[in-house]
Amino acid sequence: MPKRTLHGVVVSDKQDKTVIVRVERRYTHPQLKKTVRSSKKYYAHDDKNEFGVGDLVWIEERRPLSKLKRWEVIQGEKKKKVV
């Protein structure tokens with residue numbers, strides 16, 4: 001069975017080797033027929049502490065590392081710094 005991969009934005013990097021990623025999904029509401037956006041937060045393992053708040057990352061399922069961590073960052077794009 002293939003591992004699921006999700007794409008989201010880092011919203012917190014305060015913990016050591018852990019980032020919190022917000023993943024948004026869009027779907028059509030069954031009764032209202034309106035596009036709805038909902039988001040969910042995932043705790044992901046970031047071994048080198050290389051990603052910060054605002055970075056775009058791809059996370060992949062993996063075995064549980066702790067009570068909440070079941071995902072791992074596989075790649076990402078750094079946020080552009082404005083000077």
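In this predicted model, the side chains of aspartate 47 and lysine 17 meet in a salt bridge, with N and O 3.8 Å apart. Aspartate 47 sits in the loop between strand 3 and strand 4, and lysine 17 in the loop between strand 1 and strand 2, so the contact ties together parts of the chain that lie 30 residues apart in sequence. Both partners fall into the intermediate class of accessibility: aspartate 47 is partly exposed at 47% relative accessibility, and lysine 17 is partly exposed at 34%. Lysine 17 also has a backbone feature worth a look, for in the turn of the hairpin formed by strand 1 and strand 2 this residue has a positive phi of about 60 degrees. That hairpin leaves 5 residues between its two strands.

It helps to place this pair within the fold. The protein contains 5 strands and 0 helices, and its pattern along the sequence reads β-β-β-β-β. The 5 strands close into a barrel in the order 1-2-3-5-4, with mixed pairing. From one strand to the next, the twist averages 45 degrees. Taken along the principal axes, the C-alpha atoms fill a box of roughly 45 × 40 × 20 Å. Among contacts with a separation of 6 or more, 49% join residues that are 24 or more positions apart.

The pairing of neighbouring strands can be followed residue by residue. Strand 1, which covers residues 5-12, pairs with strand 2 in the antiparallel sense over 3 bridges. Here valine 9 stands opposite arginine 22 of strand 2. Strand 2 in turn pairs with strand 3, again in the antiparallel sense, over 11 bridges. Within this second pairing, tyrosine 27 has valine 36 of strand 3 as its bridge partner, while arginine 26 stands opposite arginine 37 of strand 3. The hairpin made by strand 2 and strand 3 has 6 residues between the strands, and lysine 33 there takes a positive phi near 55 degrees.

Turning to the interior, the largest nonpolar core has 11 residues, namely Val10, Val19, Val21, Val23, Tyr42, Ala44, Phe51, Val57, Ile59, Trp71 and Val73. Strand 2 (18-28), strand 3 (35-45), strand 4 (56-61) and strand 5 (71-77) each supply at least two residues of this core. The largest share, 3 residues, comes from strand 2. Such a cluster fits a familiar pattern, because nonpolar side chains in soluble globular proteins tend to be buried together.

Phenylalanine 51, one of the core residues, offers a useful viewpoint on its surroundings. Which residues does phenylalanine 51 contact, leaving aside its neighbours within four places in sequence? The partners are Val10, Asp13, Val19, Asp46, Val57, Val73, Gln75, Gly76, Glu77 and Lys78. Among them, Val10, Val19, Val57 and Val73 are also members of the core.

For the whole protein, buried residues make up 24% of the 83 residues. The protein exposes about 6,600 Å², and carbon and sulfur atoms supply 49% of this area.

Returning to charged pairs, a search of the whole structure finds 4 salt bridges. Side chains of opposite charge can pair when their charged atoms come close. Besides the pair of aspartate 47 and lysine 17, one of these joins glutamate 61 to arginine 4, with the closest N and O atoms 3.0 Å apart. Glutamate 61 belongs to strand 4 and arginine 4 to the segment before strand 1, so this salt bridge ties together parts that are 57 residues apart in sequence. Glutamate 61 is partly exposed, with a relative accessible area of 25%, and arginine 4 is also partly exposed, at 49%.

Another salt bridge is formed by glutamate 24 and arginine 37, whose closest N and O atoms are 3.6 Å apart. This pair links distant parts of the chain, with glutamate 24 in strand 2 and arginine 37 in strand 3, 13 residues apart. Are these two residues buried, partly exposed or exposed? Glutamate 24 is partly exposed, with a relative accessible area of 40%. Arginine 37, by contrast, counts as exposed because its relative accessible area of 59% is over the 50% cut-off. Arginine 37 therefore appears twice in this description, as the salt-bridge partner of glutamate 24 and as the residue that arginine 26 stands opposite.

Terms used: Residues are numbered from 1 along each chain as its sequence is written. This is a predicted model: local features need pLDDT of at least 70, side-chain atom pairs count only at pLDDT 80 or more; totals for chains, interfaces and linings use all residues. Side-chain values use heavy atoms; hydrogens and water are left out. A nonpolar core is a set of buried Ala, Val, Leu, Ile, Met, Phe, Trp, Tyr and Cys residues joined through side-chain atoms within 4.5 Å. Buried means under 20% relative accessible area, exposed over 50%, partly exposed in between (1.4 Å probe, protein chains only). Helices (H or I, at least four residues) and strands (E, at least two) are DSSP runs, numbered from the N terminus. Contact means heavy atoms within 4.5 Å. Two strands pair if DSSP finds at least two bridges between them. Axes are lines fitted to C-alpha atoms, for helices over the stretch in contact, and angles run from 0 to 180 degrees between N-to-C directions. Accessible areas come from the Shrake-Rupley method with a 1.4 Å probe; for residues, only the protein chains shown count as cover.
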